[in-house]
Each structure stands twice: as structure tokens, then as C-alpha cells.
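Hi,

Here is the model I said I would pass on. Have a look at it first, and my notes follow underneath.

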Amino acid sequence: MRRDSRLSGVLHVLLHMAEFEGAVTSERLAAVMGTNPVVVRRLMGGLRDLGLVASEKGHGGGWTLACDLDQVTLRDVYVALGSPGILAMGHRSDAPTCLVEQAVNAALGTAFEDAERLLLERFSCVTLGRLSADFHARMVKRGLCGQES
């Protein structure tokens, strides 16, 4: 099963945007993500709707951050993406008639709910500012201060 990497990709793009001066085009962001500009525009639309980014059309236009990185959590970005499914695993059947499968679904369902709740709690504790600080610390450690990532 293919993993949904949109959250990781959007976080990557947002942190790059924080390093750029001024508006950044979909084409430049697509190059950062290794994808097509149309994909970037689709992803950024949800972020714009929640006020995390803004867009400007025309010459010199593009995407800009419209939020304080220290106030935006991973959960905020996750919600902006439409709260995609977190776990790739699921029940074989959602409404089984077999009593064994009902018992299995009950046990797995509780475990899945616990795992999702824990992960979303963790997402709520990590801000984009914290990720940016980690990135900058890694730059310093590698001796790359002042260079574009």
C-alpha cells in the first residue's frame, strides 16, 4: 500500500518557504518537492483556506507564509490537508457477521483509536517554529550557516 506523504511534503515546503525572501512560485516549490506545480497548487489551496499561506497572482507573485511558525502545529497542517487517514491498516470488513471477526475488529479498533489519538496529541505539541529551529541547528552543525538549503 502506498503511503500518504502529503503531510511530510507540505511541512518540507513550508519550512523552505520560511527561508525564501518574498513570494515563491509554484514552480520553485515543485522543484523543492520533486513534483509538478499543479500538485503544489492543490496542496497549498487547503493551507491558504486556513490562513497558513497566501498567494499573489501576476508578475512577482507566488506563495508566501501568512502565519507565525511558532503558533502553527503539525496538527494544524494535518487538518489543513483534510485530516487524511493516519494508519494504513484497517479492518477486513467494517460490519462483519462472523463473531471472531467482530472480536478482532473490537480489539484492533481500540488499538487504532489509541494510536491515532496519541499521534494527534504529539502533532499538537510540535510547531513549525520548532521544526525550523531544528533545521537551523542542523545547518550550524554542518557548517552551512547562511547558505540556502
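At what angle do helix H1 and helix H3 pack, and how far apart are their axes? Keep in mind that this is a predicted model. In it, H1 (residues 6-19) packs on H3 (residues 37-49) at an angle of about 75 degrees, and the two axes lie 11 Å apart. That angle falls within the 65 to 115 range that counts as roughly perpendicular, so H1 is roughly perpendicular to H3. On the H1 side, the residues involved are Arg-6, Val-10, Val-13, Leu-14 and Met-17, and they meet Leu-43, Met-44 and Leu-47 of H3. Sorted by class, this contact has seven nonpolar residues, one charged and no polar.

H3 has a second partner in helix H2 (residues 26-33), with an angle of about 100 degrees and the axes 8 Å apart. H2 and H3 are therefore roughly perpendicular to each other too. From H2 the contact takes in Ser-26, Glu-27, Leu-29, Ala-30 and Met-33, while H3 brings Pro-37, Val-40, Arg-41, Leu-43 and Met-44. The class count for H2 with H3 comes to seven nonpolar, one polar and two charged residues. If you compare the residue lists, Leu-43 and Met-44 of H3 turn up in the contact with H1 and again in the contact with H2.

Now the overall layout. The protein chain has six helices and two strands, and from the N terminus the elements run α-α-α-β-β-α-α-α. The C-alpha trace spans about 60 × 35 × 25 Å along its principal axes. The radius of gyration is 19 Å, whereas a compact globule of 149 residues would come out near 15 Å. Of those 149 residues, 33% count as buried. As for long-range contacts, take those between residues at least 6 apart in sequence: 60% of them join residues at least 24 apart.

Next, the strands. S1 (residues 53-56) pairs with S2 in the antiparallel sense, over four bridges. Two of the bridge pairs are Ser-55 with Trp-63 and Glu-56 with Gly-62. The two strands form a hairpin with five residues between them, and Gly-58 in that turn has a positive phi of about 90 degrees.

Is Thr-64 buried or exposed? This residue is in S2 (residues 62-65), and its relative accessible area is 19%, so Thr-64 counts as buried, given that the cut-off is under 20%. Setting aside neighbours within four places in sequence, Thr-64 is in contact with Met-17, Gly-22, Ala-23, Val-53, Ala-54 and Glu-56. Met-17 in that list is also one of the H1 residues that meet H3.

Further along the chain, which residues does Thr-73 touch, leaving aside its neighbours within four places in sequence? They are Phe-123, Ser-124, Val-126 and Thr-127. Thr-73 itself is in the loop between S2 and helix H4 (74-80). Its relative accessible area is 13%, which means that Thr-73 is buried. Phe-123 is 50 residues away along the chain, yet the C-alpha atoms of Thr-73 and Phe-123 are separated by 6.5 Å.

Then there is the loop between H4 and helix H5 (99-125), where Gly-82 lies. Gly-82 has 55% relative accessibility and so counts as exposed. Its C-alpha atom and that of Asp-114 are separated by 20 Å, with the two positions 32 residues apart along the chain. Ser-83 is in the loop between H4 and H5 as well, and is partly exposed, with a relative accessible area of 35%. What is the phi of Ser-83? The value is near 50 degrees, which is positive in a residue other than glycine.

If you want places to start, I would pull up H3 with H1 and with H2, then the S1 and S2 hairpin, and then Thr-73 alongside Phe-123.

Cheers

How values were computed:
Residues numbered from 1 in each chain as written. Predicted model: local features only at pLDDT ≥ 70, side-chain atom pairs only at ≥ 80, totals over all residues. Heavy atoms only, no water. Buried < 20%, exposed > 50% of the residue type's maximum accessible area, 1.4 Å probe, protein only. Contact = heavy atoms within 4.5 Å. Pairing = 2+ DSSP bridges. Axes fitted to C-alpha atoms, helices over the stretch in contact; angles between N-to-C directions. Parallel < 35°, antiparallel > 145°, perpendicular 65-115°, else oblique. Nonpolar A, V, L, I, M, F, W, Y, C, P; charged D, E, K, R; others polar. Rg over C-alpha atoms; globule rule 2.2 N^0.38 Å.
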